Amino acid sequence: MRRVSQSAEPKGRPRLQVLVSAPYFIPAAPRFALLLEQAGLDLVIAQALERLSEDELLRFAGQVDGAICGDDRFSRRVLEAFAPRLRVISKWGTGVDSIDRPAADDLGVQVRNTPGAFTQAVADSVMGYVLAFARQLPWLDGTMKSGTWQKRPARTLAECSLGVIGVGRIGKAVLRRARAFSMRLWGNDMVEVNEDFQVESGVRMTDLDELLAESDFVSLHCDLNASSRHLIDRPRLARMKSGAVLINTARGAVVQEEALIEALQSGALAGAALDVFEEEPLPSSSPLRTMAQVMLAPHNANASRTAWEAVHRSTLRHLFEGLELPVPIDLQATPGESTPAGAEVEIET
């Protein structure tokens with residue numbers, strides 16, 4: 001823990017304490033030091049490699065008025081310990097599945113995020129994975145660098161089908177990109193998808209079983225909730241098309257990781273591209289780390305300097321608003337921000 005103290009508190013008003021644990025924001029925090037000082041805010045920096053557990057969060061219970069978090073585990077137990085002092089949790093990014101929303105509502109803790117923050121970056125990442133597997137680029141590179149001149153069979157994307165589970169902002173962006181490559185497109189969502197988009201993209205909306213059976217690539221873009229946890233389990237992995245590749249840039253727990261490993265080891269699944277995992281960071285002992293047919297990334301599909309900067313400012317703006325402080329002009333709507341900020345939370349990974 002590192003506490004960043006500012007000047008003496010403004011006359012007649014105590015300084016407010018803000019817990020900062022969002023890994024992406026911590027390196028950027030010094031750039032906003034003057035704005036924070038003028039607002040009477042002190043930052044309590046909690047270094048987190050990826051996220052804080054319940055027990056790690058409880059070390060700060062009762063000490064802070066606001067929080068800038070990543071995917072930290074704000075359970076009911078944690079929120080009750082932070083109450084009544086905690087007034088706002090400003091999530092750096094979009095997904096708020098790690099925060100107990102009903103508990104926050106019960107305790108009067110505002111939860112704010114930035115919907116649609118990383119739509120373009122994640123959609124680009126997905127298409128990068130699709131192209132890498134279809135054209136066999138990482139494996140061709142590997143054999144060449146090992147000194148072997150060995151050709152490999154490959155496919156054009158026009159020969160392939162893509163199934164998207166969760167046709168929200170990111171799912172739609174992926175389908176639009178895939179349409180440009182003339183892929184056959186399948187979609188599945190619990191919510192009805194606008195017919196105009198279906199016509200525009202050429203996606204055929206269907207049930208999950210048909211999508212899994214027909215898709216060469218399956219890309220996950222659903223929220224993590226009670227109905228989607230382990231949505232891709234042993235029975236559903238068994239329904240996937242022979243030679244298919246699974247892509248997960250949503251949330252690790254949407255996939256039953258143990259079952260996925262088994263499917264990859266047996267050859268029932270040809271490959272996987274994984275940006276998220278049930279346990280993050282991914283343990284060094286995970287068999288996934290040694291599988292040649294698996295591409296791994298450290299929860300990094302959102303990488304975009306423009307998007308990150310917009311989210312830094314959006315997250316601070318939400319913090320100021322939640323603490324009922326005047327919002328500095330430097331934190332007003334940022335060019336390139338994909339969604340207007342506000343108190344209403346829209347959940348999408």
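**Overall fold and local features of the predicted model**

Among the contacts in the protein with a separation of 6 or more, 64% are made by residues 24 or more positions apart. This figure, like the others reported here, was computed from a predicted model. The protein contains 12 helices and 13 strands. Its radius of gyration is 22 Å, close to the 20 Å that the globule rule gives for 349 residues, and the protein is therefore as compact as a globular protein of that length. Along the principal axes, the C-alpha trace spans about 70 × 45 × 35 Å. Of the 349 residues, 52% count as buried, while the area that the protein exposes amounts to about 15,800 Å², of which carbon and sulfur atoms supply 51%.

Strand 4, which comprises residues 66-69, pairs with two other strands in the parallel sense: with strand 2 (residues 16-20) over three bridges, and with strand 5 (residues 88-91) over four bridges. In the pairing with strand 2, Val20 stands opposite Ile68 of strand 4, whereas in the pairing with strand 5 it is Cys69 that stands opposite Lys91. In a regular strand, the side chains alternate between the two faces of the sheet. In strand 4, Gly66 and Ile68 point one way and Ala67 and Cys69 point the other way, and all of these residues are buried. Together with helix 3 (residues 76-82), strand 4 and strand 5 make a β-α-β unit, and this unit is right-handed.

The loop between helix 3 and strand 5 holds Pro84, and the peptide bond that joins Ala83 to Pro84 is cis, with an omega of about 0°. A cis peptide bond also joins Glu280 and Pro281, where omega is about -5°. Pro281 is located in the loop between strand 12 (271-274) and strand 13.

Positive phi values in residues other than glycine were also examined. For Gln136, phi is near 60°, a positive value in a residue that is not glycine. Gln136 is placed in the loop between helix 5 (119-135) and helix 6 (137-145), and because its relative accessible area is 15%, which is under 20%, Gln136 counts as buried. Ser182 is likewise not a glycine, and its phi is positive at about 65°; Ser182 is found in the loop between helix 7 (169-180) and strand 8 (184-188).

A further loop residue, Asn300, lies between strand 13 (294-296) and helix 12 (305-322). Its relative accessibility is 34%, and since this value falls between the 20% limit for buried residues and the 50% limit for exposed ones, Asn300 counts as partly exposed. When the neighbours within four places in sequence are left aside, Asn300 is in contact with Tyr24 and Asp275. The C-alpha atom of Asn300 is separated by 27 Å from that of Met190, a residue 110 residues apart from Asn300 along the chain.

Definitions and conventions. Residues are numbered from 1 along each chain as its sequence is written. This is a predicted model: local features need pLDDT of at least 70, side-chain atom pairs count only at pLDDT 80 or more; totals for chains, interfaces and linings use all residues. Side-chain values use heavy atoms; hydrogens and water are left out. Buried means under 20% relative accessible area, exposed over 50%, partly exposed in between (1.4 Å probe, protein chains only). Contact means heavy atoms within 4.5 Å. Two strands pair if DSSP finds at least two bridges between them. A crossover is right-handed if, with the strands pointing away from the viewer, the path from the first strand over the helix to the second runs clockwise. The radius of gyration is taken over C-alpha atoms; the globule rule is 2.2 Å times the number of residues to the power 0.38. Accessible areas come from the Shrake-Rupley method with a 1.4 Å probe; for residues, only the protein chains shown count as cover.
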